Amino acid sequence: DTKKTRVKLPSGAKKLIPSANRAIVGIVAGGGRIDKPLLKAGAAYHKYKAKRNCWPKVRGVAMNPVEHPFGGGNHQHIGSPSTVRRDASPGRKVGLIAARRTGRLRGSRVSKDKE
């Protein structure tokens, strides 16, 4: 008559829901898959091979100057400021783009709740 169904939830509570509702019972498969570490490079290789070309990530300072603005030099150092202006050309725009501030966060942030 009422077209309602009584459902017992995992918490033990009973809830009335309309009988016309549809639901899937159970949990999503594959839960906890990312808890297991990728123990070797081959596992990461096959993982990202199926997804997209984003592995391995090579640092800019490890490249040659023709490949990256941070590349080259006799030691692996950037050599120029890593901050770059917003209107820089597309090949130059790497690092901290239009950074408002750089460096360590110094000092303690004062909260107004104490007052």
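His-68 is found in the loop between H1 and S3. In this predicted model, the residue is buried, with a relative accessible area of 18%; that value falls under the 20% limit, so the label fits. What does the side chain of His-68 reach? Its partner is the backbone nitrogen of Phe-70, at 3.1 Å.

The loop between H1 and strand S3 (83-84) holds another feature to look at, since Pro-56 lies there too. The peptide bond leading from Trp-55 into Pro-56 is cis, and its omega is near -5°. If you are following the backbone on screen, residues 55 and 56 are the place to pause for this bond.

Next come two backbone angles. Which residues other than glycine have a positive phi? Lys-3, at about 55°, and Ala-98, near 50°, are both examples. Lys-3 sits in the segment before strand S1 (4-8), while Ala-98 comes in the segment after strand S4 (96-97). Lys-3 counts as exposed because its relative accessibility is 66%. Ala-98, at 29%, counts as partly exposed.

Here are the accessibility values for the individual residues, side by side:

| Residue | Relative accessibility | Class |
|---|---|---|
| Lys-3 | 66% | exposed |
| Lys-40 | 60% | exposed |
| Lys-51 | 46% | partly exposed |
| Ala-98 | 29% | partly exposed |
| His-68 | 18% | buried |

Now to the charges. Where do Arg-33, Lys-47, Lys-51 and Arg-52 gather? On the surface, these four residues form a patch of positive charge. One of them, Lys-51, belongs to helix H1, which spans residues 41-51. Why does Lys-51 count as partly exposed? Its relative accessibility is 46%, and partly exposed covers the range between 20% and 50%. A patch takes residues with over 30% relative accessible area, so Lys-51 at 46% meets that part of the rule.

A salt bridge gives a contrasting picture of charge. How many salt bridges does the count come to? The total is 1. Arg-85 and Asp-87 form a salt bridge in which the closest N and O atoms are 2.9 Å apart. Both residues of this pair are exposed. The limit for such a pair is 4 Å, so a separation of 2.9 Å qualifies.

Finally, turn to Lys-40, in the loop between strand S2 (14-18) and H1. Lys-40 counts as exposed because its relative accessibility is 60%. How far apart are Lys-40 and Thr-83 in sequence and in space? Along the chain they are 43 residues apart, and from C-alpha to C-alpha the distance is 35 Å.

How values were computed. Residues are numbered from 1 along each chain as its sequence is written. This is a predicted model: local features need pLDDT of at least 70, side-chain atom pairs count only at pLDDT 80 or more; totals for chains, interfaces and linings use all residues. Side-chain values use heavy atoms; hydrogens and water are left out. Patches are made of residues with over 30% relative accessible area and no salt bridge: like charges are joined within 9 Å, nonpolar side chains (Val, Leu, Ile, Met, Phe, Trp, Tyr) within 5 Å. Accessible areas come from the Shrake-Rupley method with a 1.4 Å probe; for residues, only the protein chains shown count as cover. A salt bridge is a side-chain nitrogen of Lys or Arg within 4 Å of a carboxyl oxygen of Asp or Glu. Lys and Arg count as positive and Asp and Glu as negative; His and the chain ends are not counted. The place of a charge is taken as NZ of Lys, CZ of Arg, CG of Asp or CD of Glu. Helices (H or I, at least four residues) and strands (E, at least two) are DSSP runs, numbered from the N terminus. Buried means under 20% relative accessible area, exposed over 50%, partly exposed in between (1.4 Å probe, protein chains only). A polar contact is a pair of N or O atoms within 3.5 Å; within protein, one must be able to donate a hydrogen and the other to accept it, and residues adjacent in sequence count only if both atoms are side-chain atoms.
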